[in-house]
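Thanks for sharing this one with me. I have put my reading into numbered points, so you can follow along with the coordinates open.

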Amino acid sequence: MLDKLESRAASIILYGSIIASLIFFYVPIVTLVVFSLKEGRYLSMPIEGWTFDWYRELFNNRDIGAALQNSAIVATSAMLASTLIGLGAALAWVRYRFRGKTLFQAIAIGPLLFPQLLLAVIILFWFTVLSSWLGFSNGIPTAIIGHVVYLTPFATIIIAVQAAGLDPTIEQAAQDCGANNWQVFYEVTLPLLWPGIFSALTFSFLLSWGNFYLTYSLAGGERTLPTFVFSGIAMGSTPIYPALASVTFAIGLCLLVVADMIRRRAAARLKMG
Amino acid sequence: MNASGPSSASRSIVALNALPVIVLQALFFIAPLVITVALSFQETRSFMLDWTWSLKTWTDVFSRGYYWTIMLRTLIMAALTVALCILIGFPVAYVLATRLKRWENHITILIVFAFLTDNVLKIFGWVLFLDRSGVANAVLHWIGLPSLPGWALFSPQATLLGMVYNYLCFTIFTIYLSVSMIDRDVIRAAYDCGAGKFRTFWEVTLPLSRNGIMAGGVLVFVLSLGSFLESKVLGGGKSPMAAELIRQTFETRINWPLGSALTVVVMVIAIVTILLFLRLIDLRKKDAP
């Protein structure tokens, strides 16, 4: 009797908590989507009518086009660079023993354990000192460098987890069959690591796509979508900003679902073969 | 290619793999750290950086109560965030790891999506939700309840809400990992010995997931020391935290040495926390048979 009561209480707490947290996570997201469809220019209740006008306005706004383009450039370059560098770091981390490995690990993971705004601030200090010597000004390239510093540890950890679960005898076998180092890497290691690499690509793209702190500090006068929205909030905004937010939500969610499908298919193939 | 004795061929492979990340972080993470520490020992003259070594900034930092009030507030907010993230995150992670096999993937995607979505947008969404003429009050009126209290927005409570919201995922992920690594047989053994659900939870599951709880806690603590958007937008900028103070010192007051000194203070707090955590894990390893 007591047992039954106990397990019922446990179920209520557990399932309740997951439903409550999902609601909690989606309160601001749903709020933004609702406001993006609202008629009239004020972002407050009550809602008198629904319209797609703000989306139409969004596509005619040239500033937003520029911000969107910057976001795409930054996220794509940061994704590729951090995943590539992270792949090397992950292999060195999992596969090899060498002198100074602890130091190597600390350096490879360091930025992840650093508050993001402070990371942005210290890199800004550094770039300002550098630019007084080398004479460049902050812009999209400096923002990309900041993103790569921040994202590489994420990519490293994600790929390292995949690499740690890999059976080294498979590669040994390929080597015994006469494959050289490069062939082993390209035809055996890379396909086996693919699910991890893919997750790293997805994660780093989305984290860069939505990054505010680093872009805000390091992009100079250039704007990406997050910094564009931030400046909009400050100015007293119209539903065009919620509409912009909803568009980025839609893009992000699509990417994530497609990525998950590809990842699961790759994992299934790995299990079969 | 194996992990034991590196031959000369594999040494060049190690270098090829490890070098890019070392170069990247040495140039753009370690060098900035060094320059920040160096800057904190310089002086300013009429809003310009003056390269003369001095302790002026540091004596200033240590003698003014104002900075330490803000630092203390930041620490308290970070500690509260950690406590709430663990309390809320644990049951969620536990359900994800132990039950819900069918829905696990869908729920994980939903949580990951919320986590990866732009912070500015989500904070903006909270403002629209909590505002006096926002969604929350409209819903409350509709079901006939009184409106939200005045402190629901532009207050420390709202800042805390934003921080918990932004960092909750970290505790969910780390606790999820450690709970899913617990051997189910250990829990079954506890049941067989007659322990009830709650007793098993307290005496078996909870202690075994301690590493995940602590790792999540440290991560949230360190990251929330840098909270800026939450206190600026949701908190209304009325009770600034360390990160906002640091931004102000070189944006509006253009005092770089002061900004770097305050950055160093926050960094030292973060590093000491991480080292303490690693120490604790080490001790526990030694205790284990």
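The points below go from model confidence to the two chains, their contact, the core and a few local details.

1. Please keep in mind throughout that this is a predicted model. For the complex, the predictor reports an ipTM of 0.80 and a pTM of 0.82. Chain B has an average pLDDT of 82, and 92% of its residues score at least 70.

2. Confidence varies along chain B. Among its elements, helix α3 (residues 65-98) has the highest mean pLDDT, 90, while strand β2 (residues 48-50) has the lowest, 67. Residues 1-7 of chain B stay under a pLDDT of 50, and the model has 12 contacts beyond four places in sequence for them. I would word any comment on that stretch with care.

3. Now to chain A. Its secondary structure amounts to 11 helices and 0 strands, so to speak a plain run of α elements from start to end: α-α-α-α-α-α-α-α-α-α-α. Its C-alpha atoms fill a box of roughly 75 × 70 × 35 Å along the principal axes. The radius of gyration of chain A is 23 Å, whereas a compact globule of 273 residues would have one near 19 Å.

4. Chain B, by contrast in its make-up, has 13 helices and 2 strands. The box for its C-alpha atoms, again along the principal axes, is roughly 75 × 75 × 35 Å. Here the radius of gyration is 24 Å, against a value near 19 Å for a compact globule of 289 residues.

5. What about burial and contact range? In chain A, 44% of the 273 residues count as buried, and residues 24 or more positions apart account for 80% of the contacts with a separation of 6 or more. In chain B, 39% of the 289 residues count as buried. Of the chain B contacts between residues at least 6 apart in sequence, 69% join residues at least 24 apart.

6. The contact between the chains deserves its own paragraph in your text. It takes 70 residues from chain B and 76 residues from chain A. On the side of chain B that touches chain A, helix α1 (residues 8-39) gives the largest share, with 18 residues. That side of chain B divides into 52 nonpolar, 13 polar and 5 charged residues.

7. The largest nonpolar core has 149 residues, and those with the most contacts inside it are A:Ile123, A:Ile159, A:Val229, B:Ala93 and B:Phe124. Helix α7 (residues 156-180) of chain B provides the largest share of this core, 15 residues. Which residues does A:Ile123 touch, leaving aside those up to four places away in sequence? They are A:Gly146, A:Val149 and A:Leu218 from chain A, together with B:Phe28 and B:Pro32 from chain B.

8. Helix α10 (residues 210-224) of chain B is a nice one to show. With 15 residues at 1.5 Å a residue, this helix should span 21 Å, and the distance of 21 Å between its end C-alpha atoms agrees. Because 11 of its 15 residues are buried, α10(B) is largely enclosed by the rest of the structure. Among those buried residues are B:Gly212, B:Gly216 and B:Gly217, along with B:Ile213, B:Phe221 and B:Ser224.

9. Helix α6 (residues 135-142) of chain B has B:Val135, B:Ala136 and B:Asn137 buried. After α6(B) comes B:Gly144, which has a positive phi, near 85°.

10. Two residues make useful stops for a figure. B:Ser180 is found in helix α7 of chain B. Is B:Ser180 buried or partly exposed? It is partly exposed, because 14 other C-beta atoms lie within 10 Å, and burial would take 20 or more. B:Ser180 and B:Ala97 are 83 residues apart in sequence, yet their C-alpha atoms are 5.2 Å apart in space.

11. The second stop is A:Phe185, in helix α8 (residues 181-209) of chain A. A:Phe185 has 17 C-beta neighbours inside 10 Å and therefore counts as partly exposed. Between A:Phe185 and A:Ala174, the separation is 11 residues in sequence and 9.8 Å in space, C-alpha to C-alpha.

Conventions. Residues numbered from 1 in each chain as written. Chains lettered and ligands numbered in written order. Predicted model: local features only at pLDDT ≥ 70, side-chain atom pairs only at ≥ 80, totals over all residues. Core = buried A, V, L, I, M, F, W, Y, C linked by C-beta atoms within 7 Å. Buried ≥ 20, exposed ≤ 12 C-beta atoms within 10 Å, placed from the backbone. Helix = DSSP H or I, 4+ residues; strand = E, 2+ residues; numbered from the N terminus. Contact = placed C-beta atoms within 7 Å. Rg over C-alpha atoms; globule rule 2.2 N^0.38 Å. Nonpolar A, V, L, I, M, F, W, Y, C, P; charged D, E, K, R; others polar. pLDDT = per-residue confidence, 0-100. Expected span 1.5 Å × (residues − 1).
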